[in-house]
Amino acid sequence: MQRHLVSTDTKWEPLVGYARAVRVGPHVHVSGTTATDAEGRLVGVGDAYGQARQALANIAAALEAAGAGLRHVVRTRIYVLDIAAHWQAVGRAHGEVFGAIRPATSMVQVARLIDPRMLVEIEADAFVPDEAEGGVK
């Protein structure tokens with residue numbers, strides 16, 4: 001099967017050796033995604049909800065570049081800096097995007113993210129069924 005890499009051309013991808021998303025066949029894996037804009041600036045400093053919304057928008061863009069959509073997401077993983085303080089805001093953002101889709105998910109607290117101003121990071125896995133199986137591309 002062909003391996004399709006999606007890059008956002010950030011300085012980190014070649015330095016660390018990863019892609020924003022990787023698609024192999026019907027499987028799409030989106031790397032941990034934060035609330036950065038196209039210029040690499042952090043969006044929503046101090047705002048967990050705003051950061052989660054931006055991270056989810058970045059995930060949607062990566063999925064689209066891989067030939068998938070939010071409707072194909074089957075699993076998310078949410079990493080939160082302070083789960084007690086931010087789980088509701090982050091959960092609300094996730095629910096607004098995935099409420100009807102309802103992927104499996106986990107939300108865990110982490111000690112720190114790569115930038116101390118970052119409050120949340122989100123990963124996503126998607127499955128794009130073959131059109132012959134009744135799926136939608």
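Visitor: What makes you trust this model, going by its mean pLDDT?
Guide: The mean pLDDT of the chain is 93, and 95% of its residues reach 70 or more. pLDDT is the predictor's confidence in each residue, from 0 to 100. This is a predicted model, where local features need pLDDT of at least 70, side-chain atom pairs count only at 80 or more, and totals for chains, interfaces and linings use all residues. Residues are numbered from 1 along each chain as its sequence is written, and side-chain values use heavy atoms, without hydrogens and water.

Visitor: Why are β2 and β3 called a pair?
Guide: Strands are DSSP runs of E, at least two residues, numbered from the N terminus. Two of them pair if DSSP finds at least two bridges between them. Strand β2 (residues 21–24) and strand β3 (residues 27–33) have 4 bridges, in the antiparallel sense, so they count as a pair. Valine 24 stands opposite histidine 27 in β3.

Visitor: What makes β1 and β5 edge strands?
Guide: The open sheet has 6 strands in the order β1-β2-β3-β6-β4-β5, with mixed pairing. β1 (3–6) and β5 (104–109) each pair on one side only.

Visitor: How do you know how the lining of the largest pocket divides?
Guide: Ala, Val, Leu, Ile, Met, Phe, Trp, Tyr, Cys and Pro count as nonpolar, Asp, Glu, Lys and Arg as charged, and the others, Gly among them, as polar. On that basis the lining has 10 nonpolar, 10 polar and 8 charged residues.
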